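Biologist: Could you show me the model and take me through the words people use for it? I'd like to hear the reasoning behind each label.

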Amino acid sequence: MKKVAFLSYDFRIGGAEKTVVNLIPQFLNAGYAVDLILLQQSGAFLEKLDSRTNIISLNKAHVSNCIPAMTSVFRSEKPDVIISSQTHINIAKKKKKKLSG
């Protein structure tokens, strides 16, 4: 089964978060496993997630501290695709990729 991971700081109400809430069921119904990787597991949109979503919290307050935890999760979960839409998260994801080769 293919796996997609969505990466976000948290799940407070916002446009990017609403889009993810709407996209996740589409991926699940198409046969993908879905991970939602959050730096902080908080926010009103968590209640709106499809129950089949695997929520992973890195428990990190700052993006600059998340790279080792992010690397560990990516290695263990092995997503085929990683989707993020927030600039600071994209920068951390790019740094993680550069550091891990």
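Modeller: What follows is a chat about labels and the values behind them.

Modeller: Keep in mind that this is a predicted model.

Biologist: Got it. What are the elements, and in what order do they run?

Modeller: The protein has three helices and four strands. Starting at the N terminus, the order is β-α-β-β-α-β-α.

Biologist: How do you know that the length of α1 agrees with what a helix should span?

Modeller: Take its 15 residues at 1.5 Å a residue, where the count used is one less than the number of residues. That gives an expected span of 21 Å, and the end C-alpha atoms of α1 are 22 Å apart, so the two agree.

Biologist: Which residues of α1 are buried, and what covers them?

Modeller: The buried ones are E17, V20, V21, I24 and L28. Their cover includes β1 and β2. After α1 comes G31, with a positive phi near 100°.

Biologist: And which residues are buried in α2?

Modeller: Those are I67, A69, M70, T71, V73 and F74. Over the whole protein, 40% of the 101 residues count as buried.

Biologist: Why is F6 called buried?

Modeller: The label needs a relative accessible area under 20%. F6 has 1%, so buried is the right word.

Biologist: What makes F6 and F27 an edge-to-face pair?

Modeller: A search of the whole structure turns up three aromatic pairs, and F6 with F27 is an aromatic pair with centres 5.8 Å apart and 75° between the planes. Ring centres must lie within 6.5 Å to pair, and planes over 60 degrees apart count as edge-to-face. Both values pass, so edge-to-face fits F6 and F27.

Biologist: Where in the chain do F6 and F27 sit?

Modeller: F6 is in strand β1 and F27 is in helix α1, 21 residues apart, and the pair links distant parts of the chain. F6 and F27 also form one aromatic cluster with Y32.

Biologist: Why is the pair of F11 and F45 called edge-to-face?

Modeller: Their ring centres are 6.4 Å apart, and their planes stand at 70°, so that pair is edge-to-face. F11 lies in the loop between β1 and α1, while F45 lies in the loop between β2 and β3, so the pair ties together parts 34 residues apart in sequence. F11 and F45 are both buried.

Biologist: Let's turn to backbone angles. What is notable about the phi of N59?

Modeller: Most residues other than glycine have a negative phi. N59 is not a glycine, yet its phi is positive, near 55°. You'll find N59 in the loop between β3 and α2.

Biologist: Why does N59 count as exposed?

Modeller: The cut-off for exposed is over 50% relative accessible area. N59 has 60%, so exposed is the word.

Biologist: What is the phi of K78, and where is K78 placed?

Modeller: K78 isn't a glycine either, and its phi is positive, about 50°. K78 comes just after α2, in the loop between α2 and β4.

Biologist: Why does K78 count as exposed?

Modeller: K78 has 59% relative accessibility, which is over 50%, so K78 counts as exposed.

Biologist: How much area does the whole protein expose?

Modeller: About 5,900 Å², and carbon and sulfur atoms supply 52% of that.

Definitions and conventions
Residues numbered from 1 in each chain as written. Predicted model: local features only at pLDDT ≥ 70, side-chain atom pairs only at ≥ 80, totals over all residues. Heavy atoms only, no water. Helix = DSSP H or I, 4+ residues; strand = E, 2+ residues; numbered from the N terminus. Buried < 20%, exposed > 50% of the residue type's maximum accessible area, 1.4 Å probe, protein only. Phe/Tyr/Trp six-rings, centres within 6.5 Å; stacked < 30°, edge-to-face > 60°. Areas by Shrake-Rupley, 256 points an atom, 1.4 Å probe, with all protein chains shown as cover. Contact = heavy atoms within 4.5 Å.
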